[in-house]
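Subject: Structure for your review

Dear colleague,

Please find below the structure that I should like to hand over to you. I would be grateful if you would read the notes with the model open beside them.

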Amino acid sequence: MKKAREQGFRPNPLLYVVLVALVVYLLLFLASPYEWSGSRKITRAGFIVPMLLLPDEVVGAWMDGPTVLLLDRLFPLAVAAVVCVVSGMLGFLALAGLGIDRRLTKLEQVFFAEAVGLNLVSTWTLAVGLFGGLHNRFWFIGPAVAVAAGWGWWYRSRGHRAASSLPIESNKDEDELWWLNRKWLWWLGGAFAVVMLLGGLLPPCEFDVREYHLEAPKEFFAAGAIRFVPYNIYANMALGTEMHALLGMVLTGDWWVGALVGKAIIALFTPLTALGLLAAGRRLFSPAAGLMAALVYLSIPLLVNISAVGFIEGAAALYLFATLYAMFLVAGDREVSLWHWLLPGYLAGASVACKYPGLLFVVAPLGAWLLWLRWGRRDENGRWSPDLLAPVVFSLAVVAGCGLWLAKNWVLAGNPLYPLLYACSAAKP
């Protein structure tokens, strides 16, 4: 980068065009009417500028009062951070157990470990709830201590010596974008991530979040178990992402604080996806490409909004991208073992655990793609040599990722996809 500056290197003119287009878009966005302003007809700039000039009022509104103390938000934030850290440790142990970690870069390790670990923790919460153990924190604290101890043992025994990080040498655009270094990721991307997280710590205001994403965990927490809820159809769907709110309620002993814990974790799914885009861009293209992909994704207004208010589309997007990227990595590596197909399969199952559309938009197309790849496989001599074991392993991993949700509804409602295909079965009260 320094050498490029000394030689007077200039970026591609197309980059300036993109930056100008972004500035024009920002100006048009600020000049557009603010639709949620009620009877007042103001622009978005008229709504945003006063907030920037009165930061104390913004903080007071965020705190639900004039105080600027952060204590009432630090506790749910700390619990959410602990859940994410333990989930990452658990996911990394799963990757290391399969030997997948050695085929990944450090960024990919963090990304896939967290994605896998969050669904593992969610599934464990579901299992404890089905057995009626939601009034006992030991079912969660005990395993968390065991996971931390296991990760510590792995790191001390071989973690710091193992060649578990695959270096990616890609400096193709390092000189071209010397003005866009890593610090911009933290200042620009980090700003959007912080906004999402702070929004995730706010009380819920959207109807679906209040009566579905957080109300269902509250119902389970009050009952001390996960059961069929006849008066709330949404509480009987697959709730993989919402289990983090239920876990927060159990750990804190308070449904309101636990709801904020779960809402904060939901908000973090989008920054985690951006981390995966950063890793993918570095591997497939260049560090600059990964950086730009992450920044663009984090700055999409719709994603910022849905992540902050508590919608779970960010989690569904995470598992869609994670499954596709894992499929690409495993399919393009001739040295991986058969068991490495467990990673994309499990991530595909996790997408179904978040929302049923994962069956149509993740499992079905990627499973068909894998079947096509293996059915048309040829050996070194060019002879047709189909291999159906990989699709079988993929399918078993899908079941591991979402099977407990389907089994739960099969038993409680007589329909594994309840309330879909409702006419095919009658729900049990």
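The notes below go through the findings one topic at a time. Please keep in mind that the model is predicted.

Salt bridges

Side chains of opposite charge can pair when their charged atoms come close. In this model the count comes to two salt bridges. In one of them, Arg283 pairs with Glu108, and the closest N and O atoms are 2.6 Å apart. Arg283 belongs to helix H12 (residues 255–284) and Glu108 to helix H6, so this salt bridge ties together parts that are 175 residues apart in sequence. Are the two partners buried or exposed? Arg283 is partly exposed, because its relative accessible area is 22%, a value between the limits of 20% and 50%. Glu108 has a relative accessibility of 0% and therefore counts as buried.

The other salt bridge joins Lys355 to Glu313, with 2.9 Å between the closest N and O atoms. This pair also links distant parts of the chain: Lys355 sits in the loop between helix H16 (342–354) and helix H17 (358–375), Glu313 sits in helix H15, and 42 residues separate them. Lys355 is partly exposed, with a relative accessible area of 27%. Glu313 is likewise partly exposed, at 33%.

Aromatic rings

The count of aromatic pairs comes to 11. One of them is formed by Phe112 and Tyr325: the ring centres are 5.8 Å apart and the planes meet at 20°, so the pair is stacked. The cut-off behind this step is that planes under 30 degrees apart count as stacked. Phe112 lies in helix H6 and Tyr325 in helix H15 (residues 313–331), so the pair ties together parts that are 213 residues apart in sequence. Both Phe112 and Tyr325 are buried. Ring pairs also join Phe111, Phe112, Phe321 and Tyr325 into a cluster.

A charged side chain is found over a ring as well. Lys218 lies over the face of Trp255, 3.9 Å from the ring centre.

The cavity

Rolling a probe the size of a water molecule over the atoms shows where empty space is left. Here the count comes to one cavity of 30 Å³ or more, and the volume of the largest cavity is about 40 Å³. Which residues line the largest cavity? They are Leu118, Asn119, Ser122, Gly240, Thr241, His244, Phe269, Tyr319 and Cys354. Helix H6 (residues 106–130) supplies the largest share of this lining, with three residues. By class, the lining has four nonpolar residues, five polar residues and no charged ones.

Helix H14 and the backbone

Helix H14 covers residues 301–309, and its buried residues are Leu303, Val304, Ile306, Ser307, Ala308 and Val309. Gly310 follows H14 and has a positive phi, near 110°.

A further backbone feature is found at Pro419, in the segment after helix H18 (389–413). The peptide bond that leads from Tyr418 to Pro419 is cis, and its omega is near 5°.

When you open the model, you may wish to begin with helix H6. Glu108 of the salt bridge with Arg283 lies in this helix, as does Phe112 of the stacked pair with Tyr325, and helix H6 also gives three residues to the lining of the largest cavity.

Yours sincerely,
A colleague

Note on methods. Residues numbered from 1 in each chain as written. Predicted model: local features only at pLDDT ≥ 70, side-chain atom pairs only at ≥ 80, totals over all residues. Heavy atoms only, no water. 1 Å grid on protein atoms, 1.4 Å probe; cavity = no way out; pocket = protein on both sides within 12 Å on 5 of 7 lines; lining within 4 Å. Points joined across faces, edges and corners; volume = space filled by probe spheres on them. Helix = DSSP H or I, 4+ residues; strand = E, 2+ residues; numbered from the N terminus. Nonpolar A, V, L, I, M, F, W, Y, C, P; charged D, E, K, R; others polar. Phe/Tyr/Trp six-rings, centres within 6.5 Å; stacked < 30°, edge-to-face > 60°. Buried < 20%, exposed > 50% of the residue type's maximum accessible area, 1.4 Å probe, protein only. Lys NZ or Arg CZ within 6 Å of the ring centre and 35° of its normal. Salt bridge = Lys/Arg side-chain N within 4 Å of Asp/Glu carboxyl O.
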